[in-house]
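Colleague: I would like to learn how to read strand pairing, crossovers and aromatic contacts in a model of this kind. Could we go through them one at a time?

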Amino acid sequence: IVTLPAKSIYLMDETPVDTFEIFEALNLVKVFGAETSENEILSKGLADGSVLYGGSWDKPEYKKLVQNKTGLAITSGKLLPLSGETLTERKQTAPADAESLTAVEYRDRFAVLDIPMLIDRSADEADALAQADWLRLYGILFGDETTAERMIREITSREG
């Protein structure tokens with residue numbers, strides 16, 4: 001169950017940052033999955049303490065997520081099953097203390113903490129129109145369906 005609109009988000013990686021910017025929703029990110037960011041708003045938040053480092057996507061700091069009353073965790077498809085080759089490579093480059101959980105196991109850990117988790121698969125969509133449907137979801141999550149529908153109309157008119 002997700003409380004709408006989302007108010008406190010753990011963003012595990014920077015993949016959906018552009019979407020957050022479209023909705024002017026980066027202020028909802030209270031916990032971030034990296035110690036630094038290329039995004040100016042997240043970088044400033046990490047520096048001034050308004051955004052906390054909550055551990056990486058492969059080793060979340062669950063205690064920090066609970067303390068900050070995280071209402072939603074969002075990650076990219078990094079948690080999904082991988083090819084054998086990619087999985088072997090990831091294990092070789094991962095820190096020794098990294099968790100090697102499946103997406104279901106991550107979801108279950110977050111469920112125990114009562115933190116819903118969304119895996120953003122928009123980058124895996126075949127075309128711009130399919131990716132645009134993700135804007136509708138984010139519009140609902142952020143309480144800004146008007147922006148979502150406007151963006152979808154723009155993409156639809158451009159892509160045909």
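Colleague: Let me start with the aromatic residues: are Y62 and F110 buried or exposed?

Modeller: Keeping in mind that this is a predicted model, Y62 is buried, and F110 is buried as well.

Colleague: How is the contact between Y62 and F110 described, as stacked, tilted or edge-to-face?

Modeller: In general, one describes a pair of aromatic rings by the distance of the centres and the angle of the planes. The whole structure holds six aromatic pairs, and among them Y62 and F110 form an edge-to-face pair, with 5.7 Å centre to centre and 65° between the planes. This pair links distant parts of the chain, since Y62 lies in helix α3 (residues 62-67) and F110 in helix α5 (residues 103-112), 48 residues apart.

Colleague: Which residues do ring pairs link into a cluster?

Modeller: The cluster joined by ring pairs consists of F20, F23, Y138 and F142.

Colleague: Turning to the strands, in which sense do β1 and β2 pair?

Modeller: As a general idea, side chains in a regular strand alternate between the two faces of the sheet. Here, β1 (residues 9-11) pairs with β2 (residues 29-32) in the parallel sense over three bridges, and I9 stands opposite V29 in β2. Strand β2 also pairs in the parallel sense with β3 (residues 52-53), over two bridges, where F32 has Y53 in β3 as its bridge partner.

Colleague: Through which helix does the chain cross from β2 to β3?

Modeller: The chain passes through helix α2 (residues 40-48), and this β-α-β crossover is right-handed. Likewise, β1, helix α1 (residues 17-22) and β2 make a right-handed β-α-β unit.

Key. Residues are numbered from 1 along each chain as its sequence is written. This is a predicted model: local features need pLDDT of at least 70, side-chain atom pairs count only at pLDDT 80 or more; totals for chains, interfaces and linings use all residues. Side-chain values use heavy atoms; hydrogens and water are left out. Two strands pair if DSSP finds at least two bridges between them. Helices (H or I, at least four residues) and strands (E, at least two) are DSSP runs, numbered from the N terminus. A crossover is right-handed if, with the strands pointing away from the viewer, the path from the first strand over the helix to the second runs clockwise. Rings of Phe, Tyr and Trp (its six-membered ring) pair if their centres lie within 6.5 Å; planes under 30 degrees apart count as stacked, over 60 as edge-to-face and the rest as tilted. Buried means under 20% relative accessible area, exposed over 50%, partly exposed in between (1.4 Å probe, protein chains only).
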